[in-house]
Amino acid sequence: MRRPLFTVPLTVAVAAVFLAAAPVAAAGDDDCSLLLPAADRLEVVFNEIAPTGTPPWVAAQVRAPLSPLHNLSSPPGIDLRIRSNMVASQIDDRDPYRPATPERLAGDLAKARALLVAVRDYCAP
């Protein structure tokens, strides 16, 4: 008679775990619906950036696609937003703690491009 008492709580616990996992998968899907268009827009802007000289107004073009990424929870989305903002700060020299240099811009740009690949891998079916 004790056996049925253990199966009911176990069944409820297993069901709760599966139901709790479902929203996590949906959140990732929602992130991708914002990440992929932002990655496409950023790639176009990144192609216009030259470490030896980029007009300061290009920084606004880098920051524009980042706005929808502020509420994301996926690591690639967070990393892409932060690194892209660092690229923009190198272009317009807005970060007093990281003065703009061609070397920093080149490094940040290379890392941001790598994150575009990471985002696309993360969102791949």
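Buried means under 20% relative accessible area, so Ser-74, with a relative accessible area of 2%, counts as buried. With that term in hand, here are legends for several views of this predicted model.

**Figure 1. The whole protein is built from 4 helices and 0 strands.** Followed along the sequence, the pattern reads α-α-α-α. The protein has 125 residues, and 31% of them count as buried. About 7800 Å² of the protein is exposed, with carbon and sulfur atoms supplying 65% of that area. Take the contacts between residues at least 6 apart in sequence: 66% of them join residues at least 24 apart.

**Figure 2. A disulfide joins Cys-32 and Cys-123.** Here we meet two cysteines whose sulfur atoms lie 2.2 Å apart. The count for the model comes to 1 disulfide. Which helices does the pair link? Cys-32 belongs to helix H1 (residues 2–46) and Cys-123 to helix H4 (residues 102–123), so the bond connects distant parts of the chain, 91 residues apart. A disulfide is a covalent bond between the sulfur atoms of two cysteines. The torsion about the S-S bond of Cys-32 and Cys-123 is about -90°, which makes this disulfide left-handed. Both Cys-32 and Cys-123 are buried.

**Figure 3. The largest nonpolar core brings together 25 residues.** The residues with the most contacts inside this core are Phe-46, Ile-49, Val-62, Val-87 and Ile-91. H1, helix H2 (58–63), helix H3 (75–92) and H4 each supply at least two residues of the core. In soluble globular proteins, nonpolar side chains tend to be buried together. Ile-49 is a good place to start looking around. Setting aside neighbours within four places in sequence, Ile-49 is in contact with Thr-54, Val-58, Val-62, Val-87, Ile-91, Leu-105 and Leu-109.

**Figure 4. Ser-74 sits in the loop between H2 and H3.** Is this serine buried or exposed? Ser-74 is buried, its relative accessible area being 2%. Not counting residues up to four places away in sequence, Ser-74 touches Asp-31, Leu-35 and Tyr-122.

**Figure 5. Helix H3 has the span expected of its 18 residues.** At 1.5 Å a residue, H3 should span 26 Å, and its end C-alpha atoms are indeed 26 Å apart. Many side chains can be picked out here. The buried residues of H3 are Pro-76, Gly-77, Leu-80, Arg-81, Arg-83, Ser-84, Val-87, Ala-88, Ser-89, Gln-90, Ile-91 and Asp-92. Among them, Val-87 and Ile-91 also appear in the list of residues with the most contacts inside the largest nonpolar core.

**Figure 6. Asp-93 follows H3 with a positive phi.** Asp-93 is found in the loop between H3 and H4. Its phi is about 55°, although Asp-93 is not a glycine. How much of Asp-93 is accessible? The relative accessibility of Asp-93 is 47%, so this residue counts as partly exposed.

**Figure 7. Helix H4 turns one face inward, lined by its buried residues.** The buried residues of H4 are Leu-105, Asp-108, Leu-109, Ala-112, Leu-115, Leu-116, Val-119 and Cys-123. Seen down the axis of H4, these buried residues fall within an arc of 120°, so they line one face of the helix. An α-helix has 3.6 residues a turn, so residues three or four places apart point the same way. On the other side of H4, Glu-103 and Asp-121 are exposed. The 22 residues of H4 should span 32 Å at 1.5 Å a residue, and the end C-alpha atoms are 32 Å apart, in agreement.

**Figure 8. Arg-120 of helix H4 is in contact with Leu-36, Ala-39, Asp-40 and Glu-43.** That list leaves aside neighbours of Arg-120 within four places in sequence. Arg-120 and Ala-39 are 81 residues apart in sequence, yet 8.1 Å apart in space, C-alpha to C-alpha. Arg-120 is partly exposed, with a relative accessible area of 27%.

**Figure 9. Thr-52 lies in the loop between H1 and H2.** This threonine is exposed, with a relative accessible area of 80%. Where does the chain come back toward Thr-52? The C-alpha atoms of Thr-52 and Pro-102 are separated by 5.9 Å, although the two residues are 50 residues apart along the chain.

Terms used. Residues numbered from 1 in each chain as written. Predicted model: local features only at pLDDT ≥ 70, side-chain atom pairs only at ≥ 80, totals over all residues. Heavy atoms only, no water. Disulfide = S-S within 2.5 Å. Buried < 20%, exposed > 50% of the residue type's maximum accessible area, 1.4 Å probe, protein only. Core = buried A, V, L, I, M, F, W, Y, C linked by side-chain atoms within 4.5 Å. Contact = heavy atoms within 4.5 Å. Areas by Shrake-Rupley, 256 points an atom, 1.4 Å probe, with all protein chains shown as cover. Expected span 1.5 Å × (residues − 1). Arc of directions from axis to C-beta.
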